[in-house]
Amino acid sequence: MTEPSKLRRQITHQAARLLYDRQESEYYHAKMKAARRVQRGWVKEADLPSNAEIRDEVQSMARMFEGDNRLENLLAMRLEARRMMLILERFRPRIVGSVLTGHVRKGSDIDIHVFSDSISAVTAALEAENIRYDVERKHVNKPGAEGVYVHIHIREQFPFELTVRGSKEVSIVSKSSITGKPQERMSLAEFDLFLHETYEEGEYTEGMAVVENQIDRFLQYEALLLPLENVKQSPKWHPEGDALYHSLQVFDLAREKLPYDEEFLLAALLHDVGKGIDPLNHVEAGLEMLADHITQRTHWLIAHHMDAGQILEGTLGARAKRRLKESEDYEELILLARCDREGRRQGVEASELEEAIDYLRQLSYECDGW
């Protein structure tokens, strides 16, 4: 086999970086953009890498930047895929894509094809399991693949993309956009066999136990926040109205300041959850309910947000203020107090609760989950 040219290797690396950093989502666009960056002007066909070459380079980056976490998360993603296939078993699900082949990286979706002539039947099965989803209809004009494709996007611990195809298409195998060969796919029975053959029994059993026993902390947050809509507050201190509206305003302000600090954003969104439990002791009540579902840093920020409010008012004692200033998170605590104070406006537009939860879930997956 002829050694790839230096130009081809450069384009491969640039395209892989665009895909790995999520600046591009399709191989063709990444390849073309990389070619323009590396070689201003016309590039010979022989110097353009194949999708498979770019995929392998992306995997090299994943191994370099993600280390052992990549393989640990691959097993977790495969077991999550199995769980979803069981939920959708009557739609003859087929797992496809990187979770099946093992070519995962940070931010990879779990791709599953389901076969039904009724999209509402599929979404009803998801709703029965309290799974939130978004439906996307995508128009494709590629030769041989024209039409409208329906995708169902799910944001859980790992993101899913379900492609809904007609019930008669279950026997049709598409070509892989990467290799040009028939796309690898497995039914639930085939995938079960694959998992048992790929993993040691202890590793598989332990992973299954984690999946079965895990608690979705984001659903826990949502359950604690929903009652705040019925918590009316003193107009003197909170002219904006209910405690949920206030919490979402504070979250939006916090996101403007530190959009990638999940612990800080959680403190902003959850700082008043205790008001739906014990309004007179809301800080302690909220922290007790959040317990193991937040980090020590988020706990500290929520625990002291009222003290920080007193610092802004100039009413906190010198000794208490000095103790707080010893923390490396003091500046963020004061910022939280400012957001808390400013998030009390009437009639302003605020995020929906689902939007805030989805943002935090995605942030956790992309930044901390790996």
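Which side chain does the side chain of H13 meet in a polar contact? The partner is E57, and the contact spans 3.1 Å. What you're looking at is a predicted model, so treat this as a quick tour of its overall build, the surroundings of H13 and a handful of its salt bridges.

**The big picture**
- The chain has 370 residues, and 46% of them count as buried.
- Its secondary structure adds up to 17 helices and 6 strands.
- Measured out along the principal axes, the C-alpha atoms fill a box of roughly 75 × 50 × 45 Å.
- If you take the contacts with a separation of 6 or more, 66% of them come from residues 24 or more positions apart.
- About 20200 Å² of the chain is exposed, with carbon and sulfur atoms supplying 48% of that area.
- There are 49 positive and 65 negative charges, and the mean positions of the two sets sit 6 Å apart.

**Around H13**
- You'll find H13 in helix α1, which covers residues 6-20.
- H13 is partly exposed, at 39% relative accessible area.
- Leaving aside residues up to four places away in sequence, H13 touches E57 and M61.
- E53 is 40 residues from H13 along the chain, yet their C-alpha atoms are separated by 9.4 Å.

**Salt bridges across the chain**
- Side chains of opposite charge can pair when their charged atoms come close.
- This structure holds 18 salt bridges.
- One of them joins E222 and R132, with the closest N and O atoms 2.7 Å apart.
- E222 belongs to helix α9 (residues 217-225) and R132 to the loop between α6 and β3, so this pair ties together parts that are 90 residues apart in sequence.
- E222 counts as buried at 12% relative accessibility, while R132 is partly exposed at 24%.

**R297 and its network**
- R297 and E332 also meet in a salt bridge, at 4.0 Å from N to O.
- Here too, distant parts of the chain are linked: R297 is in helix α13 (residues 296-303) and E332 in helix α16 (residues 330-342), 35 residues apart.
- R297 counts as buried, with a relative accessibility of 17%.
- Both residues belong to a network of salt bridges that links D261, E263, R297, D329 and E332.

**R344 and D340**
- R344 forms a salt bridge with D340, and their closest N and O atoms are 3.4 Å apart.
- R344 counts as partly exposed at 25% relative accessibility, whereas D340 counts as buried at 8%.

Key. Residues numbered from 1 in each chain as written. Predicted model: local features only at pLDDT ≥ 70, side-chain atom pairs only at ≥ 80, totals over all residues. Heavy atoms only, no water. Helix = DSSP H or I, 4+ residues; strand = E, 2+ residues; numbered from the N terminus. Buried < 20%, exposed > 50% of the residue type's maximum accessible area, 1.4 Å probe, protein only. Contact = heavy atoms within 4.5 Å. Areas by Shrake-Rupley, 256 points an atom, 1.4 Å probe, with all protein chains shown as cover. Lys, Arg positive; Asp, Glu negative; His and termini not counted. Charge placed at Lys NZ, Arg CZ, Asp CG, Glu CD. Polar contact = N/O pair within 3.5 Å; in protein donor to acceptor, adjacent residues only side chain to side chain. Salt bridge = Lys/Arg side-chain N within 4 Å of Asp/Glu carboxyl O.
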